[in-house]
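This report is meant for someone meeting the structure for the first time. It goes from the overall fold to the core, and then to contacts between side chains and a few features of the surface and loops.

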Amino acid sequence: MHYSLWTNIATLGLVGRIKKAPGTAGSFIAVLLAPLCFLPFGLVQRLLILVVLFVIGLKACEQAEQELGEHDPQSVIIDEVFGQWFTLLPVNVISYLGSKAIMPQEWFVLMFGFLLFRVLDISKIGPVGLCERKLHGGLGIMADDAMAGLLAAMLMYPFQFYGNVIFGY
């Protein structure tokens, strides 16, 4: 089946059509792309990226829901990218695009953020589940992942701070 541009954005092309755990696949892709497309920027630029991604995500999720004829289709994973990058907002990884490779401890921080976000997103704990139950359409699809990302970011901040103090990264 041929899908519209908006649905392909919402599903990240074929990534969202993976049969097993498309949301986890989308989050993992987001972590892999973060050192290139998100983390090299300062806080203001990261916030702007998140706003643009949220707005695009709203439209893409709305369109995909209509086109696929499902409520919150599993194949729609742009919300996972948004939530995962929101989780990584406080991360201050030292090296990105220069000649220096990303160090193992930096990947550890990214993977910790990945796990935090996935646990909160899958468990739908507290306000995450509330967003999913009370909001509908594109906003409902994006909001629960935004809330999971916010909670995970709040947990990442002290981890990042103490990691810098203790481990020097």
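What pattern does the protein chain follow when read along the sequence? The pattern is α-α-α-α-α-α-α, and the protein chain accordingly has 7 helices and 0 strands. The model is a predicted one, and every value below was computed from it. Of the 169 residues in the protein chain, 44% are buried.

**The nonpolar core**

In soluble globular proteins, nonpolar side chains tend to be buried together. In this model the largest nonpolar core has 34 residues, and those with the most contacts inside it are Phe38, Leu39, Leu50, Phe82, Trp85, Leu88 and Val91. Helices H2, H3, H4, H5 and H7, the last of which covers residues 137-167, each supply at least two residues of this core. The helix that gives the most to this core is H7, with 7 residues.

**Salt bridges**

Side chains of opposite charge can pair when their charged atoms come close. The structure holds 5 salt bridges, and three of them are set out here with the distance between the closest N and O atoms.

| Salt bridge | N to O distance |
|---|---|
| Arg118 with Glu80 | 3.4 Å |
| Lys124 with Asp121 | 3.0 Å |
| Lys124 with Glu132 | 3.6 Å |

In the salt bridge between Arg118 and Glu80, the closest N and O atoms are 3.4 Å apart. Arg118 lies in helix H5 (residues 104-123) and Glu80 in helix H4 (residues 78-87), so this pair ties together parts of the chain that are 38 residues apart in sequence. Both Arg118 and Glu80 are buried.

How does Lys124 count, as buried or as partly exposed? Because its relative accessibility is 23%, Lys124 counts as partly exposed. Its partner Asp121, by contrast, is buried, with a relative accessible area of 4%, while Glu132, which meets Lys124 in a salt bridge, counts as partly exposed at 29% relative accessibility. Salt bridges that share partners join Glu80, Arg118, Asp121, Lys124, Glu132 and Asp144 into one network.

**Aromatic contacts**

The structure also holds 4 aromatic pairs. One of them is formed by Phe28 and Phe114, whose ring centres are 6.0 Å apart and whose planes stand at 75°, so the pair is edge-to-face. This pair links distant parts of the chain, with Phe28 in helix H2 (residues 22-37) and Phe114 in helix H5, 86 residues apart. Phe28 counts as partly exposed because its relative accessibility is 36%, whereas Phe114, at 11%, counts as buried.

Elsewhere, Phe54, Phe82 and Phe86 form one aromatic cluster, and Phe82 is also among the residues with the most contacts inside the largest nonpolar core. Phe38, another of those core residues, has the charged end of Arg46 sitting over its ring, 5.6 Å from the ring centre.

**A nonpolar patch on the surface**

Which residues form a nonpolar patch on the surface? The patch is formed by Trp6, Leu48, Val52 and Ile56, which together have about 340 Å² of accessible area. Helix H3 (residues 43-68) contributes the largest share of this patch, with 3 residues. Trp6, for its part, has its place in helix H1 (residues 5-11) and counts as partly exposed, at 30% relative accessibility.

**Two loop residues with positive phi**

Most residues other than glycine have a negative phi. In this model, Ala21 has a positive phi, near 55°, although Ala21 is a residue other than glycine. Ala21 lies in the loop between H1 and H2 and counts as partly exposed at 45% relative accessibility. Asp72, which is not a glycine, has a positive phi of about 45°. The place of Asp72 is the loop between H3 and H4, and with a relative accessibility of 23% this residue counts as partly exposed.

Key:
Residues are numbered from 1 along each chain as its sequence is written. This is a predicted model: local features need pLDDT of at least 70, side-chain atom pairs count only at pLDDT 80 or more; totals for chains, interfaces and linings use all residues. Side-chain values use heavy atoms; hydrogens and water are left out. A salt bridge is a side-chain nitrogen of Lys or Arg within 4 Å of a carboxyl oxygen of Asp or Glu. Helices (H or I, at least four residues) and strands (E, at least two) are DSSP runs, numbered from the N terminus. Buried means under 20% relative accessible area, exposed over 50%, partly exposed in between (1.4 Å probe, protein chains only). Rings of Phe, Tyr and Trp (its six-membered ring) pair if their centres lie within 6.5 Å; planes under 30 degrees apart count as stacked, over 60 as edge-to-face and the rest as tilted. A charge sits over a ring if NZ of Lys or CZ of Arg is within 6 Å of the ring centre and within 35 degrees of the ring normal. Patches are made of residues with over 30% relative accessible area and no salt bridge: like charges are joined within 9 Å, nonpolar side chains (Val, Leu, Ile, Met, Phe, Trp, Tyr) within 5 Å. Accessible areas come from the Shrake-Rupley method with a 1.4 Å probe; for residues, only the protein chains shown count as cover. A nonpolar core is a set of buried Ala, Val, Leu, Ile, Met, Phe, Trp, Tyr and Cys residues joined through side-chain atoms within 4.5 Å.
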